[in-house]
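This report describes selected features of one structure for a reader who has not seen it before. The sequence and the model come first, and the description follows.

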Amino acid sequence: MRQSFIQRYLANNHVIAYTSVILFCAFALIISIGKGSVELPFSTVILIVLTEGLHIPLSVELDPMHINIVMEIRLPRTLLAMMVGACLAVAGAAFQGFLKNPLADPYTLGVSSGAAVGAVVVLFFGLSLPLVGRFTLPFVSIITGFLTLFLVIGFARVVQRSMSAETIILAGIIFSSFLGAFISLMISLTGDELRQIINWLMGSVALRGWSYVWMILPCFVIGFILLFFNRHELNALAFGEETARQLGVNLKVRKLMILLGATVVTGGAVAVSGTIGFVGLVIPHLTRLIWGSDHRHLIPLSMFVGAGFLALTDLVARTLLAPTELPIGVITAMIGAPVFALILLRQRKIAS
């Protein structure tokens, strides 16, 4: 596929790329904190974040109510949305690079459905494991997501020894459908937990608080580090496994690390926010179209774009029909599906 001059220029100018996405994230953070039932000027938001969040001593007087709104409600919610968006985008970039297929993401591969099953089981039975305590939800989500991924790969190997990307994706869709039915069964058996589980499944970062930010933070850090340290291997895999092997890549170890990293960030995101679709599918694809497919930059750039995108999406979800809040998963699907359709149509026209 031929690239335009602008695409080639952007792909080779990483200063512009990183400056753009960081400014986009900063804009998304400030506007998400400032907008709501109580409008806060950008200057007030910045001052509160600097003085109360970063503890920078400034001789200014701030309204205690505004401080409480920012520090206890909007800042943790926005940061949580940004980390969830970053996790899903990074996981999508890794899965798409791993399978060399733009349709691969945590949802089409069944990882999110597996993580959702684990989270629903924790919510349904009120589980709290002895060693992990309040981290039971993300821990179980990561384990069940990882088990689902291995089942998908194992089933794909049985169906087709060579395990093409299309076969793995079809196997992921099969497992997603089955696990979705299992989740529906559990919902039909719930009583008082019904509303909580349904709201969680529709995707939301509302009323989570700082505890959920600290819950997803280790998943985000560990998963991102694993994927970032395998960025060269993802580039090598783009040329095929045989070429990667000739370049000295230990395929078994590196594949496992990539899958583990993508599953950790997916499990953490699903555990704190529920199922939010299309972020892991569309964001890496858009990032790749603009700035190229080099995973050394695609992974961190996708992280920033995904973070800013989900922060703005959450802003729309809570202000569009205020005071009623919409599930953030509904908004991402309404935005993501048409955007991805346009991308596919554009690619087909270019290819022809």
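In this predicted model, Phe228 is partly exposed, with a relative accessible area of 25%. Phe228 shares helix H9 (residues 210–228) with Phe224. The two residues are four apart, about one turn of the helix. An α-helix has 3.6 residues a turn, so residues three or four places apart point the same way. Phe224 is buried, at a relative accessible area of 17%, which falls under the 20% limit for that class.

The rings of Phe224 and Phe228 form a stacked aromatic pair, with 5.7 Å from centre to centre and 15 degrees between the planes. Phe228 also pairs with Phe229: here the centres are 6.5 Å apart and the planes stand at 75 degrees, so this pair is edge-to-face. Phe229 is exposed, with a relative accessible area of 56%. One aromatic cluster takes in Phe220, Phe224, Phe228 and Phe229. The count of aromatic pairs comes to six.

Phe229 leads on to another part of the chain. Leaving aside neighbours within four places in sequence, Arg254 is in contact with Phe229, Asn230, Glu233 and Val249. Arg254 belongs to helix H12 (residues 251–273) and is partly exposed, with a relative accessible area of 25%. The C-alpha atom of Arg254 is separated by 42 Å from that of Val70, a residue 184 places away along the chain. Just after H12, Gly274 takes a positive phi of about 85 degrees.

What span should the 23 residues of H12 have at 1.5 Å a residue? The expected value is 33 Å, and the end C-alpha atoms are 33 Å apart, which agrees. The table sets this helix beside two others.

| Helix | Residues | Number of residues | Expected span | Distance between end C-alpha atoms |
|---|---|---|---|---|
| H4 | 64–99 | 36 residues | 52 Å | 51 Å |
| H5 | 111–125 | 15 residues | 21 Å | 22 Å |
| H12 | 251–273 | 23 residues | 33 Å | 33 Å |

Helix H4 reaches close to its expected span, and a kink of about 40 degrees lies in H4 at Arg74, shortly before the proline Pro76. At the N-terminal end, Asp63 caps H4: one of its side-chain oxygens lies 2.9 Å from the backbone nitrogen of Met65. Just after H4, Lys100 takes a positive phi of about 55 degrees.

Is H4 largely enclosed or largely open? Of its 36 residues, 29 are buried, so H4 is largely enclosed by the rest of the structure. For H5, 12 of the 15 residues are buried, so H5 is also largely enclosed by the rest of the structure. Among the buried residues of H5 are Val111, Ser112, Gly114, Ala116, Gly118, Val120 and Leu123. Gly126, just after H5, has a positive phi of about 60 degrees.

The interior can also be described by its nonpolar cores. The largest nonpolar core has 82 residues, and those that touch the most other members are Val84, Phe95, Leu99, Trp200 and Ile276. H4 supplies the largest share of this core, 15 residues. A second, separate core of 10 residues includes Ile33, Val45, Val49 and Ile69. Leu99, named above for the largest core, is in contact with Ala104, Leu109, Ala165, Ile168 and Ile169 when its neighbours within four places in sequence are left aside.

Two loop residues remain to be noted for their backbone angles. His55 has a positive phi of about 55 degrees although it is not a glycine. His55 sits in the loop between helix H3 (42–53) and H4. At 63% relative accessibility, His55 counts as exposed, since the limit for that class is over 50%.

Phe278 likewise has a positive phi, of about 75 degrees, without being a glycine. The loop that holds Phe278 runs between H12 and helix H13 (279–291). Phe278 is partly exposed, with a relative accessible area of 29%.

Conventions: Residues are numbered from 1 along each chain as its sequence is written. This is a predicted model: local features need pLDDT of at least 70, side-chain atom pairs count only at pLDDT 80 or more; totals for chains, interfaces and linings use all residues. Side-chain values use heavy atoms; hydrogens and water are left out. The expected span of a helix is 1.5 Å times one less than its number of residues. The bend at a residue is the angle between axes fitted to the seven residues ending there and the seven starting there. Buried means under 20% relative accessible area, exposed over 50%, partly exposed in between (1.4 Å probe, protein chains only). A polar contact is a pair of N or O atoms within 3.5 Å; within protein, one must be able to donate a hydrogen and the other to accept it, and residues adjacent in sequence count only if both atoms are side-chain atoms. Contact means heavy atoms within 4.5 Å. A nonpolar core is a set of buried Ala, Val, Leu, Ile, Met, Phe, Trp, Tyr and Cys residues joined through side-chain atoms within 4.5 Å. Rings of Phe, Tyr and Trp (its six-membered ring) pair if their centres lie within 6.5 Å; planes under 30 degrees apart count as stacked, over 60 as edge-to-face and the rest as tilted.
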